[in-house]
Protein chains: 2
Amino acid sequence: MTVDFHHRLASVASEIEDVLVAIFDVATDPPVPPRLLSAMRYAALGGGKRLRPFLVVETARLLGGDQATALRAGAAIELVHVYSLAHDDLPAMDDDELRRGKPTLHLAYDEATAILAGDALQTLAFETLADGATSLDAAMRAELVRLLARAAGGAGMAGGQMLDLEAEGRFEQTAELSAPAVAKLQAMKTGAILSCAVEMGAVIGRADAPVYQTLLSYGRALGAAFQIADDILDIEASSAELGKATGKDAGRGKATLVGLWGVEKARAELERLTGDALAALAGFGAEADILRAAARFTADRRK
Amino acid sequence: MTVDFHHRLASVASEIEDVLVAIFDVATDPPVPPRLLSAMRYAALGGGKRLRPFLVVETARLLGGDQATALRAGAAIELVHVYSLAHDDLPAMDDDELRRGKPTLHLAYDEATAILAGDALQTLAFETLADGATSLDAAMRAELVRLLARAAGGAGMAGGQMLDLEAEGRFEQTAELSAPAVAKLQAMKTGAILSCAVEMGAVIGRADAPVYQTLLSYGRALGAAFQIADDILDIEASSAELGKATGKDAGRGKATLVGLWGVEKARAELERLTGDALAALAGFGAEADILRAAARFTADRRK
């Protein structure tokens, strides 16, 4: 099953790449200025595990949802993810130099272009979901926009990034956050978009309310596990392995559960959350094995 | 009619302020971090003519469209407008210090907060349109998201800002733009969102195809006129009158038609475009007087 999982992950990543390329290739009148389009493509194409789109696609597939629709929604959530990476990497934010093995967007281009390209990638995400040319019915399009906006905005990803900067002590002397406060920060910063991916898949698969709740529980546990695994990797892996800077969280005073607890206790929590994710899927049979493998992969990944 | 127009403009601005306040007051779980919410409110509340929402509301009213819906859509387009102002003012972009009579967002807060608040304001715009709690039917919600995204993205506002930065010669030595190239840049940078406001009103008013085209012609002419008037004001008005920096376009090498042509020829073009906007409305009776007044106001305004 592990082999099957990695094959499926790579396969969906390849399909998502194709959808993104097609989205960037759409001719518009007036055309997108070449420098801006080039920066948007640089940020979005050719990298990443595409885990968020994978969760959309595999959740939808579990429920028999339309795959073309799921791929399009997956591309939209990936556009939001890459916009957030481009902006988080800016000098005024985390000031990072390496992302997905390449120079960050503002180094490859410049700061102004990186800001604008991030802005335009976010816009493109919502345009992709709302576009009438898709097979989506209008109610589903509006619902997907609502879910993605809620997960990306002030009460989700952007809000989590704000709390993250505050926890660094940038704006005033802050007391060290408690573990529940760090967990809440991370549920917003990375968990909201990951569980949104599962929710989008559930919407596309027209899940009824109990199934929706089940999948939401799975998505939330997986999202929390993802961040702990990421923080352990930040300590244990090399920059070359990850394709981004490592070991910077501690230096910056970033609030992480690993920092508060140490690696051993964080690993135990990671195991517990993975168990929660698997338990949420207990009502499904073998058809949910791919989502089970995704939960294990999230905990065990080495990059 | 002029008195009536200014009264109506102020009245819609007041209603939009109320809608925006209500949107920011919505309780979320988790809550938006106070610093981020405060920055978003700072950027969005208590300022501006609210011309874009006014165009949504008055176009919808002309066609008998639902006013609560138009106000909500107007608030969404204003959120996109204020996000773009916050990002355009950043040090890496136009590096401005004054906006709507107040210190710009990154000076009142800091750069990271201004980037994040701008990002979250854009997200909130799309959430506002997609939110199922509105009276909008789903097809209309999806169509409004699509229109706004198209006008705000790489082929619209963000693309125009990219061309604007290029025209300053930031990235390489650029030849001075021709008048048609400047007009195209400005049609993207400011025209797209202004004509989108009219289109959103037309969608809310369920305009048939010929009426839609008529209103689109009006919106495009008004949008082009707006930018020329803005550029003339940048030369002729004082910073205190405008509540933002003036006289900076020429210093920066910003591409404007006024810079290419001089004020006199630019005024003639402004008159011509205003005539086009009025001509587009020729098929309407007195019920369109408020939109006619908006076109004259756009050309004649002193701030």
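This text walks through one helix, several aromatic rings and one buried glutamine. The model is predicted.

Begin with helix α7 of chain B, which covers residues 138–152. At 1.5 Å a residue, its 15 residues should span 21 Å, and the C-alpha atoms at its two ends are 21 Å apart, which agrees. At the start of α7(B), a side-chain oxygen of B:D137 comes to within 3.2 Å of the backbone nitrogen of B:A139.

How many of the 15 residues of α7(B) are buried? Twelve are, so the helix is largely enclosed by the rest of the structure. Buried here means a relative accessible area under 20%. Among the buried residues are B:M140, B:L144, B:V145, B:L147 and B:L148, and the arginines B:R141 and B:R146 are buried as well.

Next come the aromatic rings. A pair of such rings is described by how far apart the centres are and by the angle of the planes. Over all chains, a search of the whole structure finds seven aromatic pairs. One of them is formed by A:F126 and B:F126, with 4.9 Å from centre to centre and 25 degrees between the planes. Planes under 30 degrees apart count as stacked, and this pair is stacked. A:F126 lies in helix α6 (residues 111–130) of chain A, while B:F126 lies in helix α6 (residues 111–130) of chain B, so the pair joins two chains. A:F126 has a relative accessible area of 0% and is buried. B:F126, at 0% relative accessibility, also counts as buried.

An aromatic pair within chain B is that of B:Y42 and B:Y109, which is edge-to-face, with 5.7 Å between centres and 75 degrees between the planes. B:Y42 belongs to helix α2 (residues 34–44), and B:Y109 to the loop between α5 (105–108) and α6, so the pair ties together parts of chain B that are 67 residues apart in sequence. The ring of B:Y42 has another partner: the charged end of B:K102 sits over this ring, 4.0 Å from its centre.

Chain A has a similar kind of arrangement to look for, where the charged end of A:R52 sits over the ring of A:F226, 5.5 Å from the ring centre. Ring pairs also link A:F5, A:F54 and A:F297 into a cluster.

Last is A:Q227, in helix α10 (residues 209–236) of chain A. Is A:Q227 buried or exposed? Its relative accessible area is 9%, so A:Q227 is buried. Leaving aside neighbours within four places in sequence, A:Q227 is in contact with A:Q186 and A:T190.

Key. Residues numbered from 1 in each chain as written. Chains lettered and ligands numbered in written order. Predicted model: local features only at pLDDT ≥ 70, side-chain atom pairs only at ≥ 80, totals over all residues. Heavy atoms only, no water. Helix = DSSP H or I, 4+ residues; strand = E, 2+ residues; numbered from the N terminus. Expected span 1.5 Å × (residues − 1). Buried < 20%, exposed > 50% of the residue type's maximum accessible area, 1.4 Å probe, protein only. Polar contact = N/O pair within 3.5 Å; in protein donor to acceptor, adjacent residues only side chain to side chain. Phe/Tyr/Trp six-rings, centres within 6.5 Å; stacked < 30°, edge-to-face > 60°. Lys NZ or Arg CZ within 6 Å of the ring centre and 35° of its normal. Contact = heavy atoms within 4.5 Å.
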